[in-house]
Amino acid sequence: MVINMLKIAVCDDEPVMRKELSDYFSKYMAERRDAAYQISGFESGKQLLESGQEFDLIFLDIRMKQPDGMETARRLRRSGSRSLLVFVTVLEEYVFEAFEVEACGYLIKPLDEGRFMRTMDRAFRSIMLKPKERLLVRRGNQSQVVLLSETVYCEVQGRKIYIHKNNGEVIDYYDRMENLKCRVDGRFFQCHRSYLVNLDCVRGCEAGQVLLPQGERIPVSRLRERELTQALLMHMKARKGS
């Protein structure tokens, strides 16, 4: 299925960075067959605001002349814009302000390609997937409905997915992690190449492990610890506002 044309904005006062973001996004889209897109570049927040356009996704540099990226985001939200925002900056200390304007991602310069692609995966889940509550899995000749609200985490071992429920039940079936990620909603975060965790169930993170309600622990890869923290904070804020 191909969705409608996506409108993407890249707002950064550095031409080199605008090109790099556009190139990374084009590379990401080359792997997809379900969306067409067009990219518009803006060298200032003022130029973006004056365009009067609504975008599906905006890459927004924070350190620009006034209005800077954060103020531009605030003005967009006050105007009713529901564009997905991904901040791009050299300064990590703005991360909590990013949550205030409901940013869906936060990229640090110089850009890391792996983190960029994972951020896009999360963004596309928000764009393309409606909220879900049920997951239908095939087990041999039978089908079983799994409630996502009852799912604590999923793990992959070999060719099987194991769904761990909050009542202790474990449901296994044959599938790949990439397929499962496309069938769940934004409450699930891939903390490790073999684990997908329900953010509603996360109680903390320490020593390379995610802490879960019944004392269980699952691994979080070193490169994804910070992203897990950011995703958890955004998720908590979204639940508070709903």
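The following paragraphs describe strand pairing, the surroundings of one serine, salt bridges and aromatic pairs in a predicted model.

Two regions of strand pairing are considered. Strand S6 (residues 134-139) and strand S7 (residues 142-147) pair in the antiparallel sense, and six bridges are found between these two strands. Within this pairing, leucine 135 has valine 146 of S7 as its bridge partner. The two strands form a hairpin with two residues between them, and in this hairpin glycine 140 adopts a positive phi near 65 degrees. Further along the chain, an open sheet is built from three strands in the order S13-S14-S15, with antiparallel pairing. Strand S13 (204-206) and strand S15 (217-219) are the edge strands of this sheet, each of them pairing on one side only. Direction ignored, neighbouring strands of the sheet are turned against each other by 30 degrees on average. Strand S14 (residues 209-211) is joined to S15 over three bridges in the antiparallel sense, and valine 210 has isoleucine 218 in S15 as its bridge partner.

Serine 81 is found in the loop between helix H3 (69-78) and strand S4 (84-89). Because its relative accessible area is 4%, below the 20% limit, serine 81 is classed as buried. Its side chain takes part in a polar contact of 3.3 Å with the side chain of glutamate 54, and a further polar contact, of 3.1 Å, is made with the side chain of serine 83. When residues up to four places away in sequence are not counted, serine 81 touches Glu54 and Leu76, so that glutamate 54 appears both as a touching residue and as a polar partner of the serine side chain.

Side chains of opposite charge can pair when their charged atoms come close. In the present model, the count of salt bridges comes to 17. One of these joins glutamate 113 and lysine 27, whose closest N and O atoms are 2.6 Å apart. This pair links distant parts of the chain, since glutamate 113 belongs to helix H5 (residues 113-128) and lysine 27 to helix H1 (residues 15-29), with 86 residues separating them. Both residues are classed as partly exposed, glutamate 113 at 30% relative accessibility and lysine 27 at 44%.

Lysine 160 forms a salt bridge with aspartate 172, for which the closest N and O atoms are 2.8 Å apart. Here, too, distant parts of the chain are linked, with lysine 160 in strand S9 (residues 160-165) and aspartate 172 in strand S10 (residues 170-174), twelve residues apart. Lysine 160 has a relative accessibility of 21% and therefore counts as partly exposed. A salt bridge within one helix is formed by lysine 181 and glutamate 178, with 3.6 Å between the closest N and O atoms; both residues lie in helix H6 (residues 177-181), where they are three residues apart, about one turn of the helix. The two partners fall into separate classes of accessibility, as lysine 181 is buried, at 10% relative accessible area, whereas glutamate 178 is partly exposed, at 43%. In addition, Asp12, Glu14, Asp61 and Lys109 are joined into one network by salt bridges that share partners.

A pair of aromatic rings is described by the distance of the centres and the angle of the planes. The model contains seven aromatic pairs. Among them is the pair of tyrosine 28 and phenylalanine 124, which is tilted, with 5.5 Å from centre to centre and 50 degrees between the planes. Because tyrosine 28 lies in helix H1 and phenylalanine 124 in helix H5, this pair ties together parts that are 96 residues apart in sequence. Both rings belong to buried residues, the relative accessible area being 7% for tyrosine 28 and 2% for phenylalanine 124. The pair of phenylalanine 42 and phenylalanine 55 is edge-to-face, because the planes stand at 75 degrees, with the ring centres 5.8 Å apart. Phenylalanine 42 lies in strand S2 (residues 35-42) and phenylalanine 55 in the loop between helix H2 (45-51) and strand S3 (57-61), so that this pair, 13 residues apart, links distant parts of the chain. At 7% relative accessibility phenylalanine 42 counts as buried, as does phenylalanine 55 at 3%. Finally, a cluster linked by ring pairs comprises Tyr24, Phe25, Tyr37, Phe59 and Phe116.

Definitions and conventions
Residues are numbered from 1 along each chain as its sequence is written. This is a predicted model: local features need pLDDT of at least 70, side-chain atom pairs count only at pLDDT 80 or more; totals for chains, interfaces and linings use all residues. Side-chain values use heavy atoms; hydrogens and water are left out. Helices (H or I, at least four residues) and strands (E, at least two) are DSSP runs, numbered from the N terminus. Buried means under 20% relative accessible area, exposed over 50%, partly exposed in between (1.4 Å probe, protein chains only). A polar contact is a pair of N or O atoms within 3.5 Å; within protein, one must be able to donate a hydrogen and the other to accept it, and residues adjacent in sequence count only if both atoms are side-chain atoms. Contact means heavy atoms within 4.5 Å. Two strands pair if DSSP finds at least two bridges between them. Axes are lines fitted to C-alpha atoms, for helices over the stretch in contact, and angles run from 0 to 180 degrees between N-to-C directions. A salt bridge is a side-chain nitrogen of Lys or Arg within 4 Å of a carboxyl oxygen of Asp or Glu. Rings of Phe, Tyr and Trp (its six-membered ring) pair if their centres lie within 6.5 Å; planes under 30 degrees apart count as stacked, over 60 as edge-to-face and the rest as tilted.
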